[in-house]
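The following exercises ask the student to read a structure step by step. Each task is followed by a worked solution.

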Amino acid sequence: MTTKRIVVVSSGLSTPSSTRQLADRLADDTATELRERGVEAEFQFVELRDLAHDIANHLLLGFAPPKLEAVLESLGRADGLIAVTPIFTTSYAGLFKSFVDLIDPDALTDLPVLLGATGGTPRHSLAIDYAMRPLFTYLHAVPMTTGVFAATGDWGTGGDGVRSLPDRIRRGASEFAEAVDRFDRTAVHGDPFALDRPMGHLLGGLAGE
Amino acid sequence: MQFGIFSVSDITEDPTTGVTPSEAERIRAITTIAKHAEEVGLDVFALGEHHNPPFFSSSPTTTLAYIAGQTERLQLTTATTLITTNDPVKIAEDFAMLQHVSGGRTDLMLGRGNTGPVYPWFGKDIRQGLPLAVENYELLHRLWREDVVDWEGRFRTPLQGFTSTPRPLDDVPPFVWHGSIRTPEVADQAAYYGDGFFANHIFWPASHTQRMIALYRQRFEHYGHGTAAQAIVGLGGQVFMGKTSQAAKDAFRPYFDNAPVYGHGPTMEEFTEQTPLTVGSHQEVIDKTLGFREYVGDYQRQLFLVDHAGLPLKTVLEQLDHLGEILPALRAGFAEGRPADVPDAPTHASLVAAKYGDAEPRQPRPRANRGDNVTGGSPYQDTSAKPAEPVGRSGSAFGPAATRTEAVR
């Protein structure tokens, strides 16, 4: 049986970070849900904070330093992505968007994505749906219908007493595990050396099209 | 193996003095730089093409023609000539002309150009960059090989009975390199025609350059121009030398930290680790440069970027002196263990020899003008008035492709 590869991207800026904590919880429940389906999974955790300089250098130079390159390559081979960002000034963190801007536009095609976000109050929770979701649909990824938002209060007594954070994490992880189980990564995406259109085809277009 | 320099023609403030040269000063300097390159024993001078400040080189063949008049040996080329936004007819004419006035010391490197607005300024769409490069080069290739061309494509006004003048020197087109940082289709295009492939190299990790050159070599063999090892490869490089390693680093750091392309990004040490940049002693530059062979194989042309980022003319000339001093070691190092069947970069002399052997090269003489400015049959006295058959389209000066009679293109 093959092992599913899940990349978990967290763009919290502090250490320790509640964003990472949410990412860990989403990964844990995903592992549990997959195990219940008889599916093995390995998780690769990516802290964008550690890659902040690499990300800036890539934006400036057009190529990725080795550590960042390895992460971008692993996205092209992943069976699922858990993406978690803090919400700053009504949207995903700038670091998060800078990272997404560097992903090969084909690398996430059809890829199941579980969206998560953290913020000071529940009033920001829709940012998952108006900011994060369009980002991933633009990349032709498949974001799960449940996105998990954790406000500061969710970590203590101020959380939702009816549908608690653990409930929401479990629901998102369940949808995600189902999609990852079904997803078949047949081709590695984002190989920059793939010759999509050999010369004969390109020249043939001159006469033929 | 050829060694030389390439200039992007930037006019940049010297971060150590705050002085920006005038266009006139920088343009005068480029001739001085090219002449000194010849004096220190370098083989090649290459000039970029830009159509916006802070660059001066909008008209490379004008500059190169003047340099040709001031030098005797230097091979003059471009880095790069924009095959997307220039009219291929004008490229054919300009470079044939440069070939004549330089006595055959001309080749050229084609690139697509990455300055977005240049495309609309010249009436083109950047999203069509690759199809433009493909179609325009196919036309350019024919214009240099067929006296009379009928042409219809997607991008350019059709041509009927058109003759590009002057015909190339000795009726042998200039050798063409295709330059690219990251587009595998361009490596394939170079391979298809048996042309050279030049990897910019300096803005990319070595592992990527390695894969791109490997792709070009494999496709070169696939298209029947010779073995993969015989493909014609050029590499960019970037060096700054000093008496000691530390002196070089101290002198170059302010230029690195403020350079237009990579300034305010990675540290000089990170960039040195990840790209071919070498800032240091003679021996460090020799060692790193000779190391390029280990991942691209034996190759034909090494160009260094030395006159950018606001470095003053005096410093650039000193850097050329350094290059001249390490040149014997580089030549000896690259010659060591180089297989006999790996060709040198084609020159006009080698291309003439490949086409004519011991016979006299063709020297086209026009017929009298018929008064309609359209060529119709043959415009030249040595060919019949019927349209000429395409000849010698393989574009290869060596290996099996050079002697093949049927065109494989």
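Two strands are said to pair if DSSP finds at least two bridges between them. The model examined here is predicted.

**Exercise 1. Describe the surroundings of strand E5 of chain B.**

Solution.
Step 1. Strand E5 of chain B spans residues 107-111, and five of its five residues are buried.
Step 2. Consider the directions of the side chains. Asp107(B), Met109(B) and Gly111(B) point one way, while Leu108(B) and Leu110(B) point the other way.
Step 3. Turn to the first partner. Strand E4 of chain B, residues 81-82, pairs with E5(B) in the parallel sense over two bridges. Within this pairing, Gly111(B) in E5(B) stands opposite Leu82(B).
Step 4. Add the helix. Together with helix H3 of chain B (residues 88-101), E4(B) and E5(B) make a right-handed β-α-β unit.
Step 5. Turn to the other partner. Strand E8 of chain B, residues 175-180, is joined to E5(B) by four bridges, again in the parallel sense. Here His178(B) in E8(B) is the bridge partner of Leu110(B).

**Exercise 2. Which residues touch the most other members of the largest nonpolar core?**

Solution.
Step 1. This core has 95 residues, and those touching the most other members are Ile5(B), Ala37(B), Phe45(B), Ala46(B), Phe197(B), Tyr216(B) and Val233(B).
Step 2. Helix H5 of chain B (residues 129-143) contributes the largest share of the core, with seven residues.
Step 3. Take Phe197(B) as an example. Apart from neighbours within four places in sequence, Phe197(B) is in contact with Trp177(B), His178(B), Ala187(B), Ala190(B), Tyr216(B) and Val233(B).
Step 4. A second, separate core holds 50 residues, including Leu22(A), Leu26(A), Leu48(A) and Ala117(A).

**Exercise 3. How many residues does each chain bring to the contact, and which helix of chain B gives the most?**

Solution.
Step 1. Chain B brings 21 residues and chain A brings 17 residues.
Step 2. On the side of chain B that touches chain A, at least two residues each come from H5, helix H6 (184-193), helix H7 (206-222) and helix H9 (268-274) of chain B.
Step 3. H6(B) gives the most, with five residues.
Step 4. By character, this side of chain B divides into 10 nonpolar, four polar and seven charged residues.

**Exercise 4. Is Thr89(A) buried or exposed, and is Asp171(B) buried or exposed?**

Solution.
Step 1. Each residue has a positive phi although it is not a glycine: about 45 degrees for Thr89(A) and about 55 degrees for Asp171(B).
Step 2. Locate them. Thr89(A) is in the loop between strand E3 (80-88) and strand E4 (91-92) of chain A. Asp171(B) is in the loop between strand E7 (159-162) and E8 of chain B.
Step 3. Recall the cut-offs: a residue is buried with 20 or more other C-beta atoms within 10 Å, and exposed with 12 or fewer.
Step 4. Thr89(A) has 9 C-beta neighbours inside 10 Å and therefore counts as exposed. Asp171(B) has 20 other C-beta atoms within 10 Å and is therefore buried.

**Exercise 5. Where is Pro16(A), and which residue does a cis peptide bond join to Pro16(A)?**

Solution.
Step 1. Pro16(A) is in the loop between strand E1 (4-10) and helix H1 (18-36) of chain A.
Step 2. The cis peptide bond joins Thr15(A) and Pro16(A), with omega about -5 degrees.

Key: Residues numbered from 1 in each chain as written. Chains lettered and ligands numbered in written order. Predicted model: local features only at pLDDT ≥ 70, side-chain atom pairs only at ≥ 80, totals over all residues. Core = buried A, V, L, I, M, F, W, Y, C linked by C-beta atoms within 7 Å. Contact = placed C-beta atoms within 7 Å. Nonpolar A, V, L, I, M, F, W, Y, C, P; charged D, E, K, R; others polar. Right-handed = clockwise from strand over helix to strand, strands pointing away.
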